[in-house]
Amino acid sequence: MGAGHKRILIAKVGMDAHWRGAIVIARSLRDAGFEVVFAGNLSPAGIVATAIQEAVDYIGISSLSGNHMITVPPILDSLRSKNAGDITVVVGGIVPPDDAKELKRLGVLEVFGPGRSIQSIVDFLGQSHKAW
Amino acid sequence: MLQKTSGVGKLSKKASWINKCYPFQMERKSRFSTLSGIPVQPVYTDEDLDGLDYAKDLGYPGEAPFTRGVHPTMYRGRLWTMRQLAGFGPPEETNKRYKLLLAQGATGINGVFDYPTLRGFNSDHPEAQADAGRGGVAIDSLEDMMILFDGIPIDDVSVSLVTCQPVGTVPVLAMYLAQAEKRNISFEKLAGTTQNDFLMETAVTIGWNILPPRYSFKLSCDVIEYCVKHVPRWNPISIAGYNYREAGANAVQELGLCLAHGIACVEELLSRGMAVDDFAPRISFFLNSHNDFFEEIAKFRAARKLWCEIMTERFGARDPRSQKFRFHVQTAGSALTAQQPLNNITRAAYHALAAVLGGAQSVHIDGYDEALCTPTETSALIALRTQQVLQHETNVTCTVDPLGGSYFVENLTHEMGRRVTDYIAKIESMGGLVESASKGWVHDEIADSAVQYQKAVESGEMLVVGVNCHTLEDQPVEIFAQPETLNRQKAKLGELRKRRDQAAVQTALGTIREACRRMDNVMPSVIEAAKSWVTEGEIAEVFRQEWGCWDPPLRL
């Protein structure tokens, strides 16, 4: 356990405007010792650029609108093409099980659904940092 | 608090009884309180109503201060409107869902729009494409609006347009009005509501490229001013406490922000030279019904009393309609769980019962799959049937304000009123709601409460069935399949751009720009633009260009 000063970018992507989950997880990760960059709404390209500039270990995408199958794969592709594949991507929010499976196949490390305890997310991120 | 003061050294009857029967160790918890943190006592008696004056604090239904209800007959005269939210994909698909709900007994339309429409972007805008048709229906032009309401008797059924922020409200309402005009339905016949809440844009659901609070608020007041003068049966604003709550606010904050918002609107419209009784009857509200059953009922009752006091004492409103807090309720989406989703049917039914015992004018019940996806046809129908069971089978509609006079509910209503009044005073001491939002205070308030709520769930202090107790392995449920939207919208936009009169489009946009620069009411020019087939994104882009975008103070 323990965050060991890991850095994480928390962002929402596209027009999705429900920030409750994003801010709650961002504050909780900060309280657990993570260095958190809270970005608000960004485009997929903006997320990748910010993540590289801020030299984060993780990108956490909070998604409620259902746009994840369109917006998350370009983030993964762009990280690879910019040699930033060591940045781990995780997703939280409303993601149907089949989509979660597909996102994980494409390289998302984990998808955290509604009701998932914050502590379990903190523990998960504290322990695993998998480059792909 | 309403409470009898007892003589020094002498306990009241209730205090003696508590001392005798309620030693600390006999209770399950060290502290009982409402969700917003109001302490709840073991029992309430007539001692807790000391100081309550029936005529001054409650009154008869339909009479000031309207604590017991805004109409003398309430549900004996007319049942609440069953206004089930619907909207997804392209307008052709949502039109079918509207017709299904009306055919199954819904008594009003409650149309929700997709993220790009709410934020004033066309479906084919590069940043918007991923969200086209998500969370609501995509509307890009008057053509889409005509498809959306094709065959819907809008001169007979009231239509709520859940447009959230003013930047989307202005063009969407303009297209709705233009659509009515094309059908030769006069504006006088149109009954309905637009949400039109500047906090939605600037604090509660912040998106990409948003207008500064001052301008977003200006647009919302333009809509109110225009409708009061030209669309007399329209509720041009529905102050969205529901969404403040969903973002994290507690019940006190929800109502406090709502009423402070109402005050801000009244002040702005007065400053535009209007008389209070000319516009105040058209201001309406939208509240949440969450888990804490009695606190929610107390909130609804306190809301009516406080609004009446504000309107009469502060603004000198004479027309009883100006004094009436009329509200729509939606059951709390944030209280629903993705785990064991069928349990949400039960939750939403309790939420709706609280709304009805609190005297709501219209109600939406959430679909059980809300924490997973847009409601499927099955879940939308069950939600409507839950309303119908409540209306026809429970008999809760037989008498007005059935909980009036309950020691507990009256005490809680009073305490809620006291706390909300303090909260409003705090907002006013910072210069009012627009200023509080500009500074980020509203954002902090809501975010702090959201974090606190989550901590209570995490610690197990707040039990959520299926989440932190009584858990089961996840079971598969039917997930709503989003209909193809982007390509259909792109095709229509492409055709529209080719066939419309380009010079008329440019002239219409120029007129809107002029209105923005002069800070005139933009509505007349936007309605003209809608009729010239100017798209939603083009209209909103003028606002963004003229007034700039704002970096919201949403902080960690």
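**Figure 1. Helix H1 of chain A in the predicted model.** H1(A) is built from twelve residues. From its first C-alpha to its last it reaches 17 Å, close to the 16 Å expected at 1.5 Å a residue. Ten of those twelve residues are buried, so the rest of the structure largely encloses H1(A). The buried residues are Arg20(A), Gly21(A), Ala22(A), Ile23(A), Val24(A), Ile25(A), Ala26(A), Arg27(A), Ser28(A) and Leu29(A). Two arginines, Arg20(A) and Arg27(A), are thus on the buried list. After the helix comes Gly33(A), with a positive phi near 105°.

**Figure 2. The side of chain A that touches chain B.** Here 30 residues of chain A are in contact with 31 residues of chain B. On the chain A side, the elements that give two or more residues are helix H1 (20-31), strand S2 (35-42), helix H3 (68-81) and helix H5 (118-127). H1(A) supplies the largest share, six residues. By class, this side of chain A has 13 nonpolar, 13 polar and four charged residues.

**Figure 3. Chain A as a whole.** Chain A has five helices and five strands. From the N terminus on, its elements run β-α-β-α-β-α-β-α-β-α. Its radius of gyration is 13 Å, and the globule rule gives 14 Å for 132 residues; the two are close, so chain A is as compact as a globular protein of that length. The C-alpha trace spans about 30 × 30 × 25 Å along its principal axes. Buried residues make up 52% of the 132 in chain A. Among contacts in chain A with a separation of 6 or more, 74% are between residues 24 or more positions apart.

**Figure 4. The largest nonpolar core.** This core has 196 residues. Those with the most contacts inside it are Ile10(A), Ile59(A), Ala174(B), Leu259(B) and Val526(B), so named from both chain A and chain B. Helix H11 of chain B, residues 251-271, gives the largest share of the core, twelve residues. In soluble globular proteins, nonpolar side chains tend to be buried together. What does Ala174(B) contact, leaving aside its neighbours within four places in sequence? Its partners are Met523(B), Val526(B), Ile527(B) and Ala530(B). Val526(B) is itself one of the core residues with the most contacts.

**Figure 5. Helix H7 of chain B.** H7(B) covers residues 166-182. At 1.5 Å a residue, its 17 residues should span 24 Å. The end C-alpha atoms are 24 Å apart, which agrees. Buried residues number 15 of the 17, so H7(B) is largely enclosed by the rest of the structure. Just after the helix, Asn184(B) takes a positive phi of about 60°.

**Figure 6. Gly168(B) and its surroundings.** Gly168(B) lies in helix H7 of chain B. Is Gly168(B) buried or exposed? Gly168(B) is buried: 31 other C-beta atoms lie within 10 Å, and the cut-off for a buried residue is 20 or more. Not counting residues up to four places away in sequence, Gly168(B) touches Phe113(B), Thr117(B), Leu118(B), Arg119(B), Gly120(B) and Thr163(B). Lys305(B) is 137 residues from Gly168(B) along the chain, and their C-alpha atoms are separated by 32 Å.

**Figure 7. Strand S3 of chain B and its pairing with S2(B).** S3(B) comprises residues 108-112. Five of its five residues are buried, so the strand is largely enclosed by the rest of the structure. Gly108(B), Asn110(B) and Val112(B) point one way from S3(B). Ile109(B) and Gly111(B) point the other way. Both groups are buried. Strand S2 of chain B, residues 85-86, pairs with S3(B) in the parallel sense over two bridges. Leu85(B) has Asn110(B) as its bridge partner in S3(B).

**Figure 8. The open five-stranded sheet of chain B.** The strand order is S1-S10-S9-S8-S7, and pairing is parallel. At the edges are S1 (81-82) and S7 (237-240) of chain B, each pairing on one side only. S1(B) and S10(B), residues 362-364, run parallel and are joined by two bridges. Met82(B) stands opposite Val363(B) in S10(B).

Notes: Residues are numbered from 1 along each chain as its sequence is written. Chains are lettered from A and ligands numbered from 1 in the order in which they are written. This is a predicted model: local features need pLDDT of at least 70, side-chain atom pairs count only at pLDDT 80 or more; totals for chains, interfaces and linings use all residues. Helices (H or I, at least four residues) and strands (E, at least two) are DSSP runs, numbered from the N terminus. The expected span of a helix is 1.5 Å times one less than its number of residues. Two residues are in contact if their C-beta atoms, placed from the backbone, lie within 7 Å. Ala, Val, Leu, Ile, Met, Phe, Trp, Tyr, Cys and Pro count as nonpolar, Asp, Glu, Lys and Arg as charged, and the others, Gly among them, as polar. A nonpolar core is a set of buried Ala, Val, Leu, Ile, Met, Phe, Trp, Tyr and Cys residues joined through C-beta atoms within 7 Å. The radius of gyration is taken over C-alpha atoms; the globule rule is 2.2 Å times the number of residues to the power 0.38. Two strands pair if DSSP finds at least two bridges between them.
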